[in-house]
Amino acid sequence: MKAERERAARPRKRGPAKGELVFEGLGVSPGIAVGPAHVVEGGSVHVPEYRIEPDQIEAERARFSAAVAKAQKQLVKLKGKSANLPGTAAEEIGFLLDAHLQMLTGSRVVRGVEKLIEEGLNAEAAVQAEISKVAQDFAALDDAYMAARAQDIREVGDRLIRNLTQTPYEAFSHLSPGSIIVGEELTPADTALMNPELVGGLAAVLGGAESHTAIMARSLGLPAVLGVAGLIGNVRSGDVIAIDGDGGRIYLNPSTKTLAQLKTRQAEDEREEKQLSRLKKLPAITRDGIAIGLQANLELPRELDMAMDAGAEGVGLLRTEFLYMNRDDLPDEDEQYKIYVELIEGLSGRPITARTLDVGADKLAYSLAAHLGGGINPALGLRAIRLSLRERSLLEAQLAAMIRAGAHGPLRILLPMISTLIEIRQVREVLDRVVRRLHRRRVKVPDPLPPIGVMIEVPGAALSADAFAQIVDFFAIGTNDLTMYTLAIDRGEEQVAHLYNPLHPAVLRLIQFATEAALRARIPVSVCGEIAGDPRYTPLLLGLGIRELSMAATALPRVKQRIRDLDLVAATRCASTIMDQSDPGRIAALLDDFNTLA
Ligand code: PEP
Ligand code: MG
């Protein structure tokens, strides 16, 4: 039954060679990789088992309901995604996903789990116990159709357990070198576990171009394609697949002709990279002599070498979420301090901007699951600075570690998702308390204290930039979230990815407003969203007055090349024409014309 469905789910064949299948998706991280597929399954999740007290039963039931609601959302999303599959595949997969959805709506499984929770069992163990009972009953019926349903029930159970534990799928440590990771959804926490020495690239059914999974893939230099319908069920572990991260294509069993074409492109990329590496030691200076600061965004400490190698002048954004991912406890002050100091030492005097925890929405952390909850809309919920201000001990440990590390080298502290002045004042109060405590502990505190800056990534913050500039030391404009919140387009949602547009005049006006507020107040302002690493945007950002950019290390050489080719007077004129426009299409055309000619 299942095998039949999988056969039916195959997309149309393309290419002359027998067996080659081509899947289309969003090319989110450039490059080409060919290797054995490693399909991520959900069955390997560790299931904790413990008793819960009577006064915790209500909360446990709520946790289970949230996991069910999340599973329903995931299944509806997958169904939408597979609706465009060719032939009978959409119908077959839709039928399967409907069956899974039914099992989550007032079913025997749901009722059974709720009963076990009421008896004092934790939700994960209750799901596992109930699923095995129901699946065994079905399997015992000695009927091929019912046996297939037993498998479906196990898949639904795995999904629920994964949602409850928020566990990454696996460690990716026993792979053959060059493996291509394939999954329904690969989270930033999953991606953080991928070692580029073993992993060649990644592909998933879900995910958008500005999702953190995509950002992490770009940072690690792993070719990646997301939003690929039909992957699961067609690709099996061990199959040879090729990823084209520029064209957004996945080739299953690539033909000899395809392999030859990809190899030629790979050789061209290598030649270009070699040429760009010559720029490494040259300054990022425009043709008319204006120096631009180019720094690197780090997702993981192990990217530092890559950043230094690419000629970064410092770390413009250290995303500290990695500290909280793939573990079930929280990092304490000392652990964080040591990591920050190691980075500072690795930077040999170059500056680092460390951002406090920005977890939430697509950036989940198992260790914080109890604090984060699901919320109706996680992107607008208790996340980032809001979570840090609610869970003060998290913020205090992080600020103390950063301040102490600041005694070892130039470190700035950056606050994510700030939307009101009050939040900045509250953080300053916590900071004062932390400093007093450090003094009492006779710990070395730098004098002056590290500068405190804010991310400008919420429209409300951009429009309050003149007031913010009076009480902070610097701005970092986060265009990823600024675009998302201005246009109400989820950056990780592949179905609306075509509407995500940083060149929308509303986004550009907010960038301009915040930049001018910073320049008037004479505080540093940088852009650290993904557009900072795209040379197409370089003339526009520089033309708006930006002189500092921070980006994935892999993007540095191309942006530097663009800067060295650029005349700032011409770029400023181009930016000023663009800022008079109201049509995003016209803006894109003007920018493309400028990039072709200048
Ligand atoms: C941004 O939002 O542009 C940004 C740099 O932060 P992050 O991508 O980590 O949300
Ligand atoms: Mg952001």
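This report describes the surroundings of ligand 1 and the spaces in and on the protein, as they appear in a predicted model.

**Ligand 1 and its shell**

Ligand 1 is surrounded by 16 residues, and the closest of them are Arg 319, Arg 355, Gly 478, Asn 480 and Arg 491. When the shell is sorted by class, seven of its residues are charged, five are polar and four are nonpolar. Three elements, namely helix 8 (212-220), strand 10 (315-319) and helix 18 (479-487), each supply at least two residues of this shell, and the largest share, three residues, comes from helix 18.

Oxygen atoms of ligand 1 take part in polar contacts with the protein, and the table sets out three such pairs with their distances.

| Residue | Atom of the residue | Atom of ligand 1 | Distance |
|---|---|---|---|
| Arg 355 | polar side-chain atom | oxygen atom | 2.7 Å |
| Asp 481 | polar side-chain atom | oxygen atom | 3.0 Å |
| Gly 478 | polar backbone atom | oxygen atom | 3.3 Å |

On its own, ligand 1 has 290 Å² of accessible area, and the protein covers 100% of that area.

**The largest cavity**

Where in the protein does ligand 1 sit? Ligand 1 sits in the largest cavity, which has a volume of about 70 Å³ and belongs to a count of two cavities of 30 Å³ or more. The lining of the largest cavity is made up of 14 residues, and those nearest its centre are Arg 319, Arg 355, Glu 457, Asn 480 and Asp 481. Strand 10 and helix 18 are the elements that give two or more residues to this lining. Its residues divide into seven charged, four polar and three nonpolar. Arg 355 therefore appears in two roles, since a residue lines a cavity if it has an atom within 4 Å of a grid point: Arg 355 is among the lining residues nearest the centre of the largest cavity, and a polar side-chain atom of Arg 355 lies 2.7 Å from an oxygen atom of ligand 1.

**The second largest pocket**

A further space to consider is the second largest pocket, whose volume is about 1600 Å³. This pocket is lined by 49 residues, of which Pro 30, Arg 218, Thr 554, Ala 555 and Arg 558 lie nearest its centre. By class, the lining holds 25 nonpolar, 14 charged and 10 polar residues. Several elements each supply at least two of the lining residues, including strand 2 (26-29), strand 5 (199-204), helix 10 (304-309) and helix 21 (556-565), while helix 9 gives the most, with seven residues. Helix 8 is also one of the elements that supply at least two residues to the lining of this pocket, and helix 8 likewise supplies at least two residues of the shell around ligand 1.

How values were computed
Residues numbered from 1 in each chain as written. Chains lettered and ligands numbered in written order. Predicted model: local features only at pLDDT ≥ 70, side-chain atom pairs only at ≥ 80, totals over all residues. Heavy atoms only, no water. Near = heavy atom within 4 Å. Polar contact = N/O pair within 3.5 Å; in protein donor to acceptor, adjacent residues only side chain to side chain. Areas by Shrake-Rupley, 256 points an atom, 1.4 Å probe, with all protein chains shown as cover. 1 Å grid on protein atoms, 1.4 Å probe; cavity = no way out; pocket = protein on both sides within 12 Å on 5 of 7 lines; lining within 4 Å. Sits in = over half its atoms within 2 Å of the grid points. Helix = DSSP H or I, 4+ residues; strand = E, 2+ residues; numbered from the N terminus. Nonpolar A, V, L, I, M, F, W, Y, C, P; charged D, E, K, R; others polar. Points joined across faces, edges and corners; volume = space filled by probe spheres on them.
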